[in-house]
Every structure is written in C-alpha cells, then in structure tokens.
Amino acid sequence: MPRPGFVQEVDRSTPPQLFWRGENFSLEKLPADRSRVIYAPEPHDPIKDIDGAIRHALLNPIDSDPLPELLFPGMKLTIAFDDVSLPLPKMTRPDIRQRVIEAVLDLAADAGVDDVHIIAALALHRRMTEDELRHALGDRVYDAFAPHGTLYQHDAEDPDNLAFLGATPEGEEVEINKRAAESDLLVYVNINLVAMDGGWKSTATGLASYRSLRHHHNPQTLLHSNSLMDQHRSELHKSNWRMGKIMRDNGPKIFQIETTLNNDSFPEPFGFLGKREWEWNARDRATFVASSKALNRTPSSIARKIFHSIEAPHQMTSIQAGEVEAVHKITTENVYKQQIVEVQGQTDILTMGIPYICPYNVNSIMNPILVMCTALGYFFNMYRGKPLVREGGVIIMTHPTPWEFNSVHHPSYIDFFEQVLSETTDGVRMHKEYEKKFAEDDWYRHLYRTGNAYHGVHPFYMWYWGTHAMHHCGRIIIVGGDVRAVRRLGFTPASTLNDALEIASDVVGRTPTITHMRVPPLMIADVK
Amino acid sequence: MIAESLAGKRIAITGATGFVGTALVERLLRAVPECELVLLVRPGRRSSAAERVRKELLKNDAFDLLRKNLKDTVEDFDSMCARRIITIAGDVSTDGLGLSPEDAQILASCDVVIHSAAAVSFDSPLDSAVEINLLGPTRIAHALQALDVSPHLVAVSTCYVAGNRRGNAPEKLVSEGPFDLGLNWRNEVQAARRLRSDAEAASRAPSQLESFRKEARRELGAAGAPALAAKTEQLRTDWVKDQLVLAGRSRAASVGWPDAYAFTKALGEQALTDEKRNIPVSIVRPSIIESALAEPKPGWIRGFRMAEPVILSYARGMLKEFPGVPEGTIDVIPVDIVVAAIIAVSALGPDRAPDITQVASGGINPLSYRTLVDNVRDWFTQHPIYDSEGQPIIVPDWNFPGRGRVQTQLKRAQSLTNRAEQTLQSLPLRGTQAKWSAKLEERKGEIERALEYVELYGLYTECEAIYQVDNLMGIWDDLDAKDRDNFCFDPRAVNWPEYIHNIHLPSIVQHARVKTQPGKTRTDRASRLRANVLSRDRHVAAFDLENTLIASNVVESYSWLATRRLNTPERIRYVLQTLKESPQLLAMDRKDRGDFLRYFYRRYEDAPVEQINEDARDMMTQLIITKSFPDGLRRVREHRALGHRTVLITGALDFAVAGLKPLFDEIVAAEMSIRPDGTYSGEMKRVPPTGETRAQVLADYCEAEGFRLDECVAYADSTSDLPLLEAVGHPVAVNPETRLAAIARKRGWLVENWDTAPGMSKPLLPIGTMLSERERKKYMPVAGRRGQR
C-alpha cells in the first residue's frame, strides 16, 4: 500500500534535502524549526491487466455508447493524441498511447472502418520527429499509417486544413483541425499527467488554430487562473469549456479516452531521486555522490543527452472513456488521488529545485524562459485553494539557467530573449507591443510548419503563464544561475541557497517560514 | 608701420592651404585690413582651386576669431573674403605655373609674392620634392620674369638647409658658408627625374610584377581577378614611391642633410639665387613650426607635423625609447611667430629686408631636448590617454639611447611580428580569434611607424646646430610698440614649460581625437555603424551563406547527404576518404572557389533528384538550422521588417538552401542540370556565384529592380567576397577570417561576430543522422541480418 503525501518539519536532525539543478542535483540544509518539506504520495500501484482495462473502458464508456457501436463501415474516423510534451519523462515502451490506439484500431478494423487518420494534437508545439512518433505510437502503427500520409501532425497555421465551428458568447472563435472537425467520430487519446491536462483542453487547445488559441493563451486569462490545476478556478479552463460547448453543438462527435499515470518517475539507478532522503540507503547515497560529482565534470550537452534518454517506469493507474466532461471529472479525481498533499497554511519562502525537463524541452535545451516557466508556470501552480507561498513572499529556485538555446526547437525563444526581454518583462506590455510581430512572422511560421520549431508566439505564452506568480511574489531568486541570464529574466541571482535566504530577508524578514516542494515526482499542494 | 606699409598692396601667396599659408592668410586679413590677397592654389582632383579655398582654407577654425569679429559689422566675413581674396589656379610643380593668361595678369599685378608652397613631408619621394621644393621658387621667379614684373618675392625655406652640423648656423646661403660641397642643383634635378623613370621601368620587370601579384594574393586571398589586379597595381605604385623615398633619403644623407626635404630646400635657395635676376628676393627660414602661441588662438595647429606624431606615439606607449642628445636643442617655433616674421619681412620691402631671415628659438631662447621630454612626460602622467579597453596608458621613461640601439630593438620586434603575422594568416581563424591577428597588425603598424619616426626624426633630435637670428632681431629692434603688439615675432616671448603644458599638448591631444576619458567606446562605434546599416534608407541587404549565416559549407552538406543512407562501416570509410582528400580540396578552394565548386559538385553525378530533395528537407533542420547563427537570421528578418529586399548569394546548391526561402526575396545559388532519367548530371547550369560574380549578380539585381548599389548592405566572411563588399555602400564583415578582419578594420567596416546558438552541441563530423529502424533495415540488410543471429 503506497504511503500518502507527507509534510516533513525540518529540525536539526533532519538530513539535507535534495534540490534539482537542471542536469544535476545537490543536497541543501534548510534552517531548522521553521522549514518544512512536502513529499508527493508514493507511486500508486498500476493496473495489472492494462490491455484488459483499456478494452473494458472502450466497451463500457461513461455517458456514451460503447465504441464499437459508434463505428460503421465507410465512416471517417480520426484519432488524435497528446504530443511529445507528455508524459515526463517519456515512459518505457510500449507507450500508453500506443496501447490505447492499437485497441481503438482493432475495434475499427472489426467494424470495417477503413478511413482512419491519426493526428498528433500539437497545438503550437513543435512537430515530433519520426523517432518520437515511433516511441509514442509504436512501429506497427507508424509503419501502417505514416507512409500513406494518414499519420501526421496538426498544423495550426494551415489555412486549408482548419474548420471554423463558431464563436462563444464571449466572442472566442473556435477553429480546429478540418479533418477532425469533419470526421464522423473523433477519438482523443490523452495522458493526464497533471490536473491541468485533458477535458476540453485536449481538443479545444490541442487541435485548435492560432486564431482560436489566442483567446485563452494571453496575459489576462493566465493572470486570472488560480490555479491552473484547479479547473473551476482557472480562466483558461473556463474558456476551453466554453469552446467545448461550441464543439459539442457544431463539431464532430467526440469519444474522449483519458488515462492517468502513477508518479514512478525514475528508473534505477536513479530511483533515489524519487525517495525521501532519510530513507536513502548506502547505495543511494553513493549513487548520489558519484553521479553529482561526475555530472559536475560532464559537459552540459552530454549530461543533457544522458538525462533525456531516461525512460520512466511510470505506468497507467486508470483509464476512462466516453463523454468529455464526465470522463474528465473522474480523471481529475484520479490525478488528485495520486498527487494531492494536504498542507497547513502558506509560507513566506517557497523553494524548489528545477529539473532538466519540462513539457517544452523534451530532447532539447531548458532555456532560461523555460526555467522561468517550469518554476512559475508549473510548480508555482501546483496548488489547490491558495498558493503555497503567501502574497508578497519569495520563491527561491535552483537551476544553472545557462544562456543556451536550441535553434531548431526554439528559434523564436532566442529572439524573444534578445529583443523582448531586454526591453520589458511585463507580460501586458509585451502582449501589446511584440506578440503580433512574433506570432505572424513568416520565418517562425515556416519553421513551425516544416521544421521542428515551436510556434513564434510560444515564448510569449510561456511568459504569460509565469506572470501570475511574478505578480504574486515579492521577489524571485535563482540559485546557481548564469547571472546575466537571470537578470535578463528580471530575477535576482544568488550563488548559494544561504545567500538567497539572506537576499530574501529584505522582503520577508529574518525568520521567515520556508517550504520546499520536493518535485519531481509531481504533486499538488492542497493548502488549507 | 607694418600694417600701413602693406596697406593697399596686393599680396600673392602660394601654399595658402598649408599650415603656414592658412595662418598667413588669416593674419593678413585680420591685421592688415587694407591689403588684397591673390591665392595661387593647385586645383584638386575633384574640386577647383576656388572650391579648395572655400572648403580647405576658409572653413578652418583659424578664421573663427575673424568671423566672430565681423559678425555684427557692416561687412561680414564671407563678403569681406569675396572682396579681398582672388583665387587663381596654378601649380608650382609645372613650368610656367600652369596659369591661364587672365590669372597670369592677376599675378603680374601683385606687389609682393609670398612663396610658402612646399612638399613638407620628410619622406616625400625624391622627384616630387625636387619638383616642388627645389624648382618651385625658381619657377615663380621665371613666371614673374616672363610677365615682366618684379614684385618682392618672399620665399619660405627652412633653417635645416644648414645641414647636419654642430655650432652656429648663420643667416647666409649655404654656398657662402665653409661647408659648401659645390653641388650643382641642375644635375640633381636631372638625376631625380632619371631615378623616377628608372624606378618605373624596374617596377614593371616581370619578376617584380610577379612578386606584386604574389603579395596581392597573400593579402586578399581568392578575391577574384579584378580585385587582385587593382591591388597589384597599387602595390606597384607604392613600390615605386618607396624607391624614390629611399633614394631621397640616401641622397640627402650622402651629402650631409637630414632628409630630402632639407636637401631640396637648400638647393632650392641656391637655384632661386642663381635664377632670380631682376626679382628682389627675401628668404625666411623658420625652424620646426609648431602650434600657435597666441594667434589666431593659443594652440591652433593645422595637420600633424613633425613632433606631434612622435609625441602621440609616446603617449600611446608605442615609442618606448627615442634617440636623442638630452642636452641638445630642439628648435621649435610657434606658427604665429613665423607668420609675423614673414609679414614683417614683406612690409620692409625689397630694399630694406635682409636677404635671409631665420625664425628660430635655438640661438636666443633654446629648448633643450630634456626639457621637452620631461614636460611631455609630466603632462601625460597627469592627463593620460586611454586605450581601446578604457585603461589609462602609462608613459615610459626615456633614457636617451643612441639611434643605432633603438633601431636595432625596433627591427628585432618588427621581424618577430612579421613572422607571427604570417603564421596567423596561414591559420584558418575566424571571428574573435581573427582579432588576435588584427591586434598583431596594429602592433606591427606601431613598430613600423616608430621605426620610421626614429629614422626620419632621429637626426633632428641629435642636431646640434644653433640657428642665429641676428637679422630677425634686427627687424624686431626697429619696430615700434604697436607693431610689436600686433606682429610679435620675438622668440623670447615663449615660456617653454608653459607653452608645452598649456598650449601645445592640450591642442594636439584634442586634434588627435585620442581617448581622454576612461571607459570603453568601441561598442558605440559598432552600434553607430549598425544603426546605419539598419537605416530605412537602405535598399537591399545581400547575404553570403557559409560562415555568414550558418557554420557549415558545401562539403558538409554533401557529406551529410552522402552518408545519410550508409551503414556504420561505410560511414567510417567515407570519413577517412574525405579526410585524406581534404588538404587537396582546401588548397583548391583557396585558389579559386568557382573551380573548386565545379570540381566538387561532380560528386553529385547520378544522384537521384527525388531522393536528394527528400533528404534535403531533413538536412534543413538537422544541419542547416542546427548550425545557423540566430543573430544572423534575425538580422535578415530585421532587414525585411525595414522594407529592404533581402538577397542570398551563395555557391551552395539550390536544393540545400531551399528551406531558407521565406527569409529572402531572391536566392541566387548554384544549380545543377538534371538528366531526363531524374538524376543530377554533376554539371553546373551556369557559373556558380562566387568572387567577383557575386558583385555582378548584385549589381544586375539592383539594375533590374531600380536600386542603388551604394544603398546596399552586404554581409560576407571572406576575402573572396571582397568584390561584393567593395561594391556596396555598407559592407559588413561577419566572422571575418584574418585577412578580411584586417581589411575591415582599416576601412572602418562594421564587423559582426555571430555564432551558433549557445548550448547547441557541435558535432565533429558532418555526418547525416542515421535513418530510422525501418529504413535502416531497408538500406542496410547486412546489419539487419547480423542483428538476427
């Protein structure tokens, strides 16, 4: 029986805590008697008979006819799936998407359906490479569809392949992939890693056009999403749900399949990264010392390769299929079950170690903007109720924040960093003055559509996502970061955690309370 | 009395645009209000004599005082000049002065002719020094004789006509003194002219021409035939000039003068005396003329003369040692004293003026070499100038070594830097590394200059002649108080430490525009140039590809495509083969890029077009974008956003750069012809755009689209692009190789150092990523079977 999440009060006998630092980690001692550490619940046991559970979900959907009854010869069937940004780290083969899609395809074949398209629901993310597609879908699916052009990636900028479905009462235009819109049935295969994923966000965001996306991906919406992990208090989700209504009325019939994974994130020998420090055995300790010492001497590009080749042992804990909203309600509960940790009260200082990966740098470089987004967009938002850090408090994160970029994946990030952040860190101002230029840039559009680049506007979305935290906090400090890069982000650089606590005392006084989020594995703090 | 005696007179002046000439014109206009000036000026290559007077003379800050005085009077400065100045076009280096009949009549109407035109540079070629300094005064005398007039001719010469001697140098012709060698100036003229034609002939000898070509090639690399030809011709004329400079220096030294200037001036005095006949001549001999003591304003100076470059080199820390005798006299005289003396001599008229008047300080108010050096060092210790990094330069102590020792030191340093430079140039350096070589070149220039100064000026600091000023003081003694006030030419008026500290050094530091404030300024210059490049007024921005926008080249693209469908053993074989060939390929590329491309692209023969196109799409992401310079791509888009046309001119093949299409309005790339069976022939459709062809391509594009080349911007990285860079108005050197870095530096071009995105891994070998499993199986059955066992 896995143990639930846990809040450890730090006293003088508590061993030092693990802090991620990009492609490395360190142990840091937090001040005794006013610090606490939040640990995620232990990984839930996965479903034993995964294929059986998938089949069961497809045959016994929620608020929907069983899948076989929705399939008929001559129909247009489209299967859309979450892209490379999920799950993190990538799971060992076979990926859960492969298993679900193979099951759906089996049923489709039984029903005599031969017009099937499989689409990666990229939204404005980069196109996946062939290797990544093969990893997510398996060679069998890839080889059966890709050569015929029926396995491809959504293009939010392809004017010929988008369908306008209408507008919400708020004036939000709903425009999605044309093939998906014109199908007799759209099957969406999701992986719900965090509570933010899934629901109408799968289709209304994943398959949407840029024109449609900009209605909820903007500073106003994201500033009023408290939190993104709590759909009822997230403007982003409310907008997606309004769009969902238009999709239900004017769009294709949707059969939503959502899965949840446990948080078993690291294989051996990196298993200690998921363990609580006082439970480390001698081998864990030795591995920690050896690997952190070795990583200190490894060139960052090689360290990056090593970490990005990690495949996580996490496995499916639930699958539910059927009507979007009903399915998503259960999914969210399952996510909460694995991730919720009850925490009493807010804190003055929130500390977090930023790992090597976030949804937007799979097989790539975590550039400074993504460091910001991982900390302030993702981790800060991993709460329900109130943010972990009080208003006016301080966030201290550890990450080397190198001035490094991947020119293939993040071309517009480079220019955003050079041209926009050098002028302003104010999301509203950059939205007004710069966003359009980047969003409509021909070159970025070309790279997004033909290369493996994120859309030109993507760095803006990353920035907007962090604006809520930036407004909420009195100061943001990065420990061990490239000083120039940290300053460019508008944050304060510090060389050690102690220096950072010293700097923070300007804002929160000399004896602040400190809370360390020990992520990954992922968790949601339910702050009472 | 002086102003009155020159009132209503017409005074002709030669050399008015020079240092003394400018001060003279200003002084006469201001202090002798009733005189008229006739300026004999040589028309420039692009501007007429009158234009030169307007631009080069009257705009000088010497006239600021006069301009201000006249501001609120009835007649302003410009109309006063129009009334009192007549400009005539003429040239003292041609017989008859090249005057038109009308201008000749104007010259004939003059009462006084002041001849101050001279080739003052100590290292002029012998023949031009002879034409101007030796024959100039005589030509004026002849011209006046031909016009049948005999105005008072005041010829400006130099004290140093006395030659290398110790002790007193009286105000007498050299031929009248005890050291006369009896040289015949006519023979010297003949010999100098002969030397010029000999040198011209020698420079055209095949072996010489070959060495110029080699040198041009070394300097420019594969810049294309026209650029090399221009450079070769320039090297040839420079060589001829150097020969004549050397000839002048050796001839002067052989007969006892410090340099060709003093030597030709001495013979010029002799020639004038021999040829003057009925023309009354007065000779004025200043010593080393420096900035003004008081008028038109303290410290006024025009152009850099003798002491300034030496002083500045010292202040820059360049001259660590300078030869000289510490107790020797440096005979310096402020320009306003010289001008006043010339005017006083003119005012005395032909009957009363002494034949020769020396204007010097050594005999009456000497400045010792040690005083000068000490004061200069004190001043620069208090007011250091700053190097390009914004650090103050500490001036060294001079020990007054002998000339030989300094020369040996400098020559050793010179040969060392030469060798280092050759080594650096042969290395494939780029961008920031190329800066080493630029620094080295700077250092080399410094040493060369220092050596030159020591050779040229060393003799002056060792000169121990004392120039007598009896005649000058005689005139001074006869002056009334008013003239003494208005035309002070008493060398005793100068307080040397005061003059050096408060007048001369502040002035030359200001003129030299050296950095007198700490802090870096280099970026300012670059951002100014950048703003200029990114101005809305530009029309077209042309880009080279390799090493300008991407860190890759045609060999890499080929290797990437060629290895894409190979298995591992084949890949290894390919890499070894390519490495073996690379020296030959490199040599060929250096020699002629066009030939290299044609040879190299043969390798694509029989490649299926469809497969290449398919692979090229992947290559775009995996090679080209991976190795692109984000700053470069951003610059292209900045140009587009400003409404400029963007053009890519590259020797790369069209399919390799097809993915860059959205960045450019026009892509000019190499194209191969396609055979009917759908394979490439390996032969080019037309001449690949390299070297001077690129300049032509851009010129044609501009012509067709109605743009102007001087409003174009061009970005390139190597000297082979020199024709393109030279053709446009705004060249930008990107990651320049050493030779281009040196050229860009000299010409003040914008230099950008662009790199691939930080953090991108840099693969050592340009090899295509392996195909995915399925295709691996398809293309590599051997490897597949081995796996099954």
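Axes are lines fitted to C-alpha atoms, for helices over the stretch in contact, and angles run from 0 to 180 degrees between N-to-C directions. On this basis, in the predicted model, helix H12 (residues 324–339) of chain A runs at about 5° to strand S11 (254–261) of chain A. H12(A) lies across strand S10 (185–192) and strand S12 of chain A as well as S11(A).

These three strands belong to an open sheet of six in chain A, ordered S7-S6-S5-S10-S11-S12. The pairing in this sheet is mixed. Strand S7 (151–153) and strand S12 (316–322) of chain A form the edges, and each pairs on one side only. On average, neighbouring strands are turned by 20° against each other, direction ignored. Strands of a sheet pair through backbone hydrogen bonds, either parallel or antiparallel. Strand S6 (residues 115–121) of chain A pairs with S7(A) in the parallel sense, over three bridges. A:Ile119 has A:Tyr152, in S7(A), as its bridge partner.

Chain A also touches chain B. The contact takes 23 residues from chain A and 20 residues from chain B. On the chain A side, helix H4 (130–145), helix H14 (411–420) and helix H17 (442–450) each give two or more residues. H4(A) provides the largest share, five residues. By type, the chain A side divides into eight nonpolar, seven polar and eight charged residues.

Chain B has 789 residues, of which 46% count as buried. It holds 31 helices and 19 strands. Its C-alpha atoms fill a box of roughly 120 × 55 × 50 Å along the principal axes. Among chain B contacts between residues at least 6 apart in sequence, 76% join residues at least 24 apart.

Terms used: Residues are numbered from 1 along each chain as its sequence is written. Chains are lettered from A and ligands numbered from 1 in the order in which they are written. This is a predicted model: local features need pLDDT of at least 70, side-chain atom pairs count only at pLDDT 80 or more; totals for chains, interfaces and linings use all residues. Two residues are in contact if their C-beta atoms, placed from the backbone, lie within 7 Å. Helices (H or I, at least four residues) and strands (E, at least two) are DSSP runs, numbered from the N terminus. Ala, Val, Leu, Ile, Met, Phe, Trp, Tyr, Cys and Pro count as nonpolar, Asp, Glu, Lys and Arg as charged, and the others, Gly among them, as polar. A residue is buried if 20 or more other C-beta atoms lie within 10 Å of its own, exposed if 12 or fewer, and partly exposed in between; C-beta atoms are placed from the backbone. Two strands pair if DSSP finds at least two bridges between them.
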